[in-house]
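Reader: I have this chain open on my screen and would like to talk it through. Can you take a few questions?

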Amino acid sequence: MEEERLLDLAVQYKNESFLGRYIPLEDLEKFIADFPSTQKSVLGESVLGLPIHQLNFGEGSIKVLMWSQMHGNETTTTKALIDFIGFLQSDSAEAKEILSKISFRFILMLNPDGAKKYTRKNANDVDLNRDAQRCSQPESKVFKKLYTEFQPDYCFNLHDQRTLFGVGEPAKPATVSFLAPAFNEDRDVDESRITAMQLIVYMNISLQKIIPNQVGRYDDGFNLNCVGDTLQNLGIPTVLFEAGHFKGDYNREETRKLILIALIKSTWGLSTKTYKNTDYQEYFKIPENKKCFYDVILRNAEKRDADLAIQYKETLIDNKISFVPFLETLGNLEAYMGHQEMDVSGKKLLLNRQENLSEIAEIQEISLDGKECLVNLTKA
């Protein structure tokens with residue numbers, strides 16, 4: 001499938017009812033309510049008794065399981081899945097081909113308690129992506145029951161990653177990252193992992209033409225408590241998707257489009273088997289993510305011989321996410337880049353008109369005016 005066609009589909013099937021970084025369960029349930037009973041079910045409940053919904057599409061022999069918001073504050077791939085469902089419901093020839101070959105199971109929000117509060121962990125303060133072996137949480141039990149009964153041929157594990165990740169040299173934001181998880185401590189390569197690598201290479205070929213040098217490879221350190229590692233250990237080809245930062249796109253609408261493109265391309269490859277034409281060793285040529293970005297860097301602060309790094313904290317306020325800036329660190333930051341950079345050399349840096357930075361945490365305003373750089377802060 002050509003990149004021009006992928007871009008056209010991604011724009012055409014964006015669901016404008018879901019925008020921004022916060023998705024209330026109530027809005028998701030309104031979306032699910034429109035589907036017939038044969039295409040939806042409630043798999044179980046969260047710690048706080050919220051429903052965990054499943055949607056199913058397709059009638060093919062290839063079985064694909066996808067899930068998002070295992071971490072409640074990672075919503076970009078949920079939006080992309082909603083868009084992907086819109087694509088599957090369309091009259092396009094590509095959608096009809098995919099649905100004729102693949103049977104899908106989708107969980108749009110595996111962690112509804114965390115999603116409601118916009119937190120990574122569930123209501124018991126457990127990271128569900130570290131609970132794959134113990135299955136101590138109701139959400140983990142629901143998920144294990146699903147994949148045990150469904151017996152998927154392929155699994156797509158959908159996440160967001162923070163803005164601090166970059167890729168390449170010189171670094172660009174890691175806008176989309178992938179991982180074919182390891183299945184053992186030695187990170188060996190078997191048939192299942194080769195399949196995951198081929199799928200990633202297949203998606204990367206298209207993404208490189210759209211966002212050159214902005215696709216990363218996630219660290220493959222083995223941890224059997226992680227869901228992807230567990231599934232790969234069971235012999236199920238599993239791909240981790242990480243939706244990252246695109247310059248200026250803090251609401252991740254551009255990244256959402258790119259994840260949708262990856263979903264369409266990969267499932268087209270599965271349905272047509274064209275992904276098998278890729279060389280899995282090309283996977284290792286995708287550069288690995290590195291932590292090399294801050295949201296804002298103030299360079300060359302006068303009389304401090306330092307750069308100041310600022311990170312935005314995603315804060316839920318009135319059902320919307322606000323990006324609240326915090327002072328992360330200060331010092332020699334030559335090895336780092338800022339998604340936004342300001343050169344404050346030659347300006348007097350006023351930090352709440354104080355000299356003591358040790359208690360400063362939250363930045364309310366940054367203003368460059370004349371010979372002064374006023375940074376209004378509140379104490380931690």
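Author: Here are some questions and answers about this predicted model.

Reader: How many helices and strands am I looking at, and what share of the residues is buried?

Author: Start with the elements: the chain has nine helices and 18 strands. Contacts with a separation of 6 or more are mostly between distant positions, since residues 24 or more positions apart make up 75% of them. As for burial among the 380 residues, the share is 56%.

Reader: Which face or faces of H2 do its buried residues line, and what covers them?

Author: In H2, which spans residues 25-33, the buried residues are Leu25, Leu28, Phe31 and Ile32. Looking down the helix axis, they fall within an arc of 115°, so they line one face. Their cover includes strands S1 and S2 plus helices H3 and H5.

Reader: Is serine 266 buried or exposed, and what does it touch?

Author: Serine 266 sits in helix H9, residues 253-272. Its relative accessible area is 0%, and buried means under 20%, so serine 266 counts as buried. Setting aside neighbours within four places in sequence, its contacts are Phe156, Leu199, Tyr202 and Met203.

Reader: Which element gives the largest share of the largest nonpolar core?

Author: That core has 64 residues, and those with the most contacts inside it are Met66, Phe84, Phe178 and Leu263. The largest share is nine residues, and they come from H9. Leucine 263 touches Met66, Ala80, Leu81, Phe84, Phe156, Leu158 and Phe241, not counting residues up to four places away. So the element you asked for, by its nine residues, is H9.

Reader: What about the second core: how many residues does it have?

Author: It is separate from the one we just discussed. Among its members are Met70, Leu110, Ala132 and Val142. The count is 17 residues.

Reader: Which strands pair with S12, and in which sense, parallel or antiparallel?

Author: Eight of the nine residues of S12 (293-301) are buried, so the strand is largely enclosed by the rest of the structure. With S15 it pairs over six bridges in the parallel sense, and there isoleucine 297 has glutamate 341 as its bridge partner. With S13 it shares four bridges, one of them putting alanine 301 opposite alanine 306. The partners are therefore S15, parallel, and S13, antiparallel.

Reader: What salt bridge does glutamate 341 make, and how far apart in sequence are the parts it ties together?

Author: Glutamate 341 meets arginine 299 at 3.1 Å, N to O. Arginine 299 is buried at 13% relative accessible area, whereas glutamate 341 is partly exposed at 39%. One lies in S12 and the other in S15, so the pair ties together parts separated in sequence by 42 residues.

Reader: How many salt bridges are there in the whole structure, and which residue pairs with aspartate 160?

Author: A search of the whole structure finds 22 salt bridges. In the one made by aspartate 160, the closest N and O atoms are 3.2 Å apart. Aspartate 160 is in strand S5 and its partner in the loop between S10 and H9, so the bridge ties together parts 92 residues apart in sequence. That partner is buried at 2% relative accessibility, and its name is arginine 252.

Reader: Which residues are linked in a network of salt bridges?

Author: Both lysine and arginine supply the nitrogen side here, with aspartate and glutamate facing them. The linked residues are Lys14, Lys79, Asp83, Glu253 and Arg256.

Conventions
Residues are numbered from 1 along each chain as its sequence is written. This is a predicted model: local features need pLDDT of at least 70, side-chain atom pairs count only at pLDDT 80 or more; totals for chains, interfaces and linings use all residues. Side-chain values use heavy atoms; hydrogens and water are left out. Helices (H or I, at least four residues) and strands (E, at least two) are DSSP runs, numbered from the N terminus. Buried means under 20% relative accessible area, exposed over 50%, partly exposed in between (1.4 Å probe, protein chains only). Contact means heavy atoms within 4.5 Å. The arc is that of the directions from the helix axis to the C-beta atoms. Two strands pair if DSSP finds at least two bridges between them. A nonpolar core is a set of buried Ala, Val, Leu, Ile, Met, Phe, Trp, Tyr and Cys residues joined through side-chain atoms within 4.5 Å. A salt bridge is a side-chain nitrogen of Lys or Arg within 4 Å of a carboxyl oxygen of Asp or Glu.
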